[in-house]
Amino acid sequence: AVQRAQAAGIIGEEVRRLSSRLDQLLAYARPRAPEKTTLAVRALLEGARTRATQPGSAASALTIEVHAADQHVLADEEHVAQILLNLLQNAAQAGAHHVELLAGPCATGAAGLVDITVVDDGPGIAPAVRERLFQPFATTRQRGAGLGLSASRRLARDNGGELKVEPAGLSDAGACFVLSLPSADEPVLLKDGGGA
């Protein structure tokens, strides 16, 4: 009876893994067009933390801190949620224990963008891996499909944004990803050129 229960558990886990991989392949092959709305960044980050730390999630053991001002982006909520969940799951699978989700004005000074930065305390990303990180089917894990980051970058770009990895994290170790999305808080210019 014990062996049957163990076998059933293994089969259930394999079915969930294969279903997840199939979902990734389908989402990559046929992404849904974005339905952009104004989204509160803090709520997006809080929602990502809640989803990622649910019992049974790959990232359930992570400690996730959220630091965000009251900013808004114009993007598809499901797309952004998927990107953030992919980044958090990747951090956990790489061995991170702590992740910070930070939001603020675009670091490059590009007007009209909000940066959402995901910084973890994991082992970081080797330079050889960094070069092919966003290519489809590039993975360092035995059980990964290698589509998460490629699909996440595609979703970011479909929403008028970008997803990139920083050469060195904001700390000495770990990985640092930056998701840039169009701001919904840009002031509207009046006909005389002044701000709203």
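**Exercise 1. Confidence**

Task: State how confident this predicted model is along the chain, and where confidence is lowest and highest.

Solution:
- Start with the whole chain: the average pLDDT is 81, and 77% of the residues score at least 70.
- Go to the elements. Helix 1 (residues 2–29) has the lowest confidence, with a mean of 71. Strand 1 (residues 37–40) has the highest, at 96.
- Then check residues 188–196. Their pLDDT is below 50. Beyond near neighbours in sequence, this stretch makes six contacts in the model.

**Exercise 2. The sheet**

Task: Work out the strand order of the five-stranded open sheet and name its edge strands.

Solution:
- Read the order across the sheet: 2-4-5-7-6, with mixed pairing.
- Find the strands that pair on one side only. These are strand 2 (63–68) and strand 6 (162–165), the edges.
- Add the twist: neighbouring strands are turned by 15 degrees against each other on average, direction ignored.
- Take one pair inside the order. Strand 5 (residues 113–120) and strand 7 (residues 176–182) run antiparallel over seven bridges. T117 faces V178 of strand 7.

**Exercise 3. The nonpolar core**

Task: Identify the residues that touch the most other members of the largest nonpolar core, then trace the contacts of L179.

Solution:
- Count the members: the core has 41 residues. L45, L88, F177 and L179 touch the most other members.
- Ask which element gives the most. That is helix 3 (residues 77–94), with eight residues.
- Now follow L179, leaving out residues up to four places away in sequence. L179 touches V80, I83, L84, V114, D115, I116, A156, E162 and L163.

**Exercise 4. Helix 5**

Task: Is helix 5 mostly covered or mostly uncovered, and which strands does it lie across?

Solution:
- Place the helix: residues 148–158 lie across strand 6 and strand 7. The helix runs at about 140 degrees to strand 6.
- Apply the cut-off for burial, under 20% relative accessible area. Eight of the 11 residues in helix 5 pass, so the helix is mostly covered.
- List the buried ones: G148, L149, S150, A151, S152, R153, L155 and A156.
- Look just past the helix end. G160 takes a positive phi of about 80 degrees.

**Exercise 5. A69**

Task: Locate A69 and classify its exposure.

Solution:
- A69 sits in the loop between strand 2 and strand 3 (72–75).
- Its relative accessibility is 43%, so A69 counts as partly exposed. That class lies between 20% and 50%.
- Compare sequence with space. A69 and A103 are 34 residues apart in sequence, yet 6.9 Å apart from C-alpha to C-alpha.

Methods. Residues are numbered from 1 along each chain as its sequence is written. This is a predicted model: local features need pLDDT of at least 70, side-chain atom pairs count only at pLDDT 80 or more; totals for chains, interfaces and linings use all residues. Side-chain values use heavy atoms; hydrogens and water are left out. A nonpolar core is a set of buried Ala, Val, Leu, Ile, Met, Phe, Trp, Tyr and Cys residues joined through side-chain atoms within 4.5 Å. Buried means under 20% relative accessible area, exposed over 50%, partly exposed in between (1.4 Å probe, protein chains only). Helices (H or I, at least four residues) and strands (E, at least two) are DSSP runs, numbered from the N terminus. Contact means heavy atoms within 4.5 Å. Two strands pair if DSSP finds at least two bridges between them. Axes are lines fitted to C-alpha atoms, for helices over the stretch in contact, and angles run from 0 to 180 degrees between N-to-C directions. pLDDT is the predictor's confidence in each residue, from 0 to 100.
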